[in-house]
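Work through these exercises with the structure open beside you. Try each task before you read its solution.

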Amino acid sequence: MADPTFVEQLAPFDLPMPRTYIRVLFVFEHAGSARPTAQSLQLGLDNLSKQVPWLSGRIFPKTTAQGEASSLVIRWHGNETPTLVDKGTLAASYECASSHGMRAEAVPSDIWPVPSMTDDPLFVTGDPVFASSIFRFADQGVGLCVCLHHNAVDGTGFLEIMRLWARNVADPGFTFSNSTRSRSKRLSEALSVDLQDTSSISSESLFVVHAEYSKLRPVIPEEIPSCTSKLFTVSMHWINILKRLMGKYTLKASTTNTVICALIWTTITRVRMQYNPSLREEISRLVMAVNGRQRIGESFSTPESPFFGNAVFYSLSKSLADTLAASDEAPVRSLAEICDHIAHSQSTSVINSRHIAEVYHLIDRMKDYRSLFVGWDLFGSRDLMITNWADLDLYGVNFGDVLGKPKFVRLPQMEADGVALILPRQRDASQEVLEIMVMLRCDHMDALEKDPMWQTLLSHGRKDGDEMSIDS
């Protein structure tokens with residue numbers, strides 16, 4: 001007798017996410033022998049799949065008679081478990097790779113169990129929700145590659161899945177009871193009051209107030225410039241200096257997040273203007289991903305009952321590109337104004353439960369979710385999107401005696417123009433830094449590395465008198 005098939009419909013906030021995988025590499029410095037390590041991880045994955053059964057499923061579109069993709073669903077069969085793929089031993093040395101910061105190019109692309117974007121027709125085979133692989137370096141250390149479909153989870157959901165997997169490995173007797181309510185049910189219940197209050201707002205009006213979304217398909221240029229990604233290490237020493245100096249100019253104390261995002265935005269805009277002087281008169285938009293769980297409700301997602309699905313919303317900050325590019329002339333005053341602008345766009349007064357309910361209606365009313373697009377420029381080398389994972393405690397994921405905690409958390413190389421991701425912070429490091437993955441056109445990346453302000457941020461500086469090197 002065949003195993004029964006289970007189906008869960010994905011929630012409105014899952015639908016606009018790109019058909020990609022969140023792919024993260026965890027590198028562990030020490031590990032036991034290869035076979036028992038892989039077996040322990042697989043046993044933990046077996047238990048996890050019983051606790052969160054949709055991890056073993058595939059994502060399919062839910063279509064109407066007219067061929068419109070009204071939603072997405074996860075389908076899975078009882079007693080199925082994802083398989084941890086063993087990729088064997090690399091020729092690369094852990095000692096050498098770690099001494100260079102474990103750059104993405106240190107490991108070959110074929111160690112990943114699935115590509116970033118899938119080419120198979122979604123209507124036929126479906127996309128696996130979860131995939132993982134393990135490999136060993138030539139001398140010591142283990143790499144664990146984990147991929148979760150972005151339509152199923154966001155960064156926070158990814159973290160919660162990893163915590164559960166690690167807990168099941170470290171403690172084989174661990175039990176976890178997942179919520180019996182679907183993700184759609186949890187969202188509609190938590191937002192019920194705001195959904196009712198905003199139900200009469202027309203879709204046209206919602207698009208006006210939510211410029212982060214659009215009904216217009218982005219114009220793809222005939223020729224897309226070659227793009228690349230690079231990992232940068234920014235000294236927290238300089239960030240803290242800027243925070244102190246800006247204190248008397250900002251409405252409230254700037255956070256590390258607003259300072260680093262302002263620096264990335266202004267520097268990249270300045271670099272882009274070297275190649276396109278006409279950008280001077282245009283408006284640049286900074287898009288930032290905001291975790292909406294606590295803004296939906298304080299008890300909406302808890303450690304005992306985490307919400308795994310997407311709860312990401314976008315803040316929009318706008319500025320004349322010329323203003324951004326000139327910020328290095330008086331960095332303290334200029335950056336203070338930009339930080340205030342960014343902070344306001346992300347504040348709870350702007351992105352609150354009502355804002356989230358409006359986005360829910362906007363997406364839920366689409367006849368075909370594929371007809372909803374982002375509202376910023378993906379190809380014009382003008383806008384910038386930043387996702388901040390600094391507070392995602394992926395370095396705290398603990399596999400116990402099997403692997404312990406990761407020494408490095410890395411993402412594979414990606415090609416895009418105008419995207420940055422701030423990696424999780426390793427707060428117990430002796431000299432804390434911020435690691436930033438920047439994706440740009442290749443020629444713009446070369447110019448970024450030569451930018452004087454950017455070079456200053458990447459230096460560690462002295463402990464005395466550094467304040468004098470930054471003009472106010």
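**Exercise 1: Partners in a sheet**

Thr5 has His77 in β4 as its bridge partner. The model is a predicted one.

Task: Find which residue stands opposite Phe6 in β4, and how many bridges join β1 to β4.

Solution.
- Step 1. Go to Phe6; the residue facing Phe6 in β4 is Trp76.
- Step 2. Count the bridges: β1 and β4 (residues 69–77) share five.
- Step 3. Check the direction: β1 and β4 run antiparallel.

**Exercise 2: The whole sheet**

Task: Give the strand order of the open sheet of four strands, and name its edge strands.

Solution.
- Step 1. Start from β4 and look at β3 (residues 58–63): six bridges join β3 to β4, and the two run antiparallel.
- Step 2. Pick one pair there: Pro61 has Leu72 in β4 as its bridge partner.
- Step 3. Look at the hairpin of β3 and β4: five residues lie between the strands, and Gly67 has a positive phi near 85°.
- Step 4. Write the order: β1-β4-β3-β6, with antiparallel pairing.
- Step 5. Find the edges: β1 (5–9) and β6 (127–128) each pair on one side only.

**Exercise 3: A covered strand**

Task: Decide how many residues of β2 (residues 21–28) are buried, and which strands β2 pairs with.

Solution.
- Step 1. Use the cut-off: buried means under 20% relative accessible area.
- Step 2. Apply it: eight of the eight residues of β2 are buried.
- Step 3. Recall the rule: in a regular strand, side chains alternate between the two faces of the sheet.
- Step 4. Sort the side chains: Tyr21, Arg23, Leu25 and Val27 point one way from β2, while Ile22, Val24, Phe26 and Phe28 point the other way.
- Step 5. Find one neighbour: β2 pairs with β8 (residues 142–149) over eight bridges in the antiparallel sense. Phe28 faces Val142 in β8.
- Step 6. Find another: β2 pairs with β15 (residues 408–410) over three bridges, again in the antiparallel sense. Here Val27 faces Phe408 in β15.

**Exercise 4: Two loop residues**

Task: Classify Val350 and Arg425 as buried, partly exposed or exposed.

Solution.
- Step 1. Locate Val350: this residue sits in the loop between α11 (331–346) and α12 (353–364).
- Step 2. Compare with the cut-offs: Val350 has a relative accessible area of 30%, and partly exposed covers the range between 20% and 50%. So Val350 is partly exposed.
- Step 3. List its contacts: leaving out residues up to four places away in sequence, Val350 touches His344, Ser345 and His355.
- Step 4. Check a distance: the C-alpha atoms of Val350 and Ser315 are 8.5 Å apart, with their places 35 residues apart along the chain.
- Step 5. Locate Arg425: this residue lies in the loop between β16 (419–422) and β17 (433–441).
- Step 6. Classify: Arg425 has 13% relative accessibility, so Arg425 counts as buried.
- Step 7. Name neighbours: beyond four places in sequence, Arg425 touches residues including Met236, Tyr395 and Glu432.

**Exercise 5: The chain as a whole**

Task: Explain why the protein chain can be called as compact as a globular protein of its length.

Solution.
- Step 1. Count the elements: the protein chain has 14 helices and 17 strands.
- Step 2. Compare radii: the radius of gyration is 23 Å, close to the 23 Å from the globule rule for 472 residues, so the chain is as compact as a globular protein of that length.
- Step 3. Add the burial: 52% of the 472 residues count as buried.

Conventions: Residues are numbered from 1 along each chain as its sequence is written. This is a predicted model: local features need pLDDT of at least 70, side-chain atom pairs count only at pLDDT 80 or more; totals for chains, interfaces and linings use all residues. Side-chain values use heavy atoms; hydrogens and water are left out. Two strands pair if DSSP finds at least two bridges between them. The radius of gyration is taken over C-alpha atoms; the globule rule is 2.2 Å times the number of residues to the power 0.38. Buried means under 20% relative accessible area, exposed over 50%, partly exposed in between (1.4 Å probe, protein chains only). Contact means heavy atoms within 4.5 Å.
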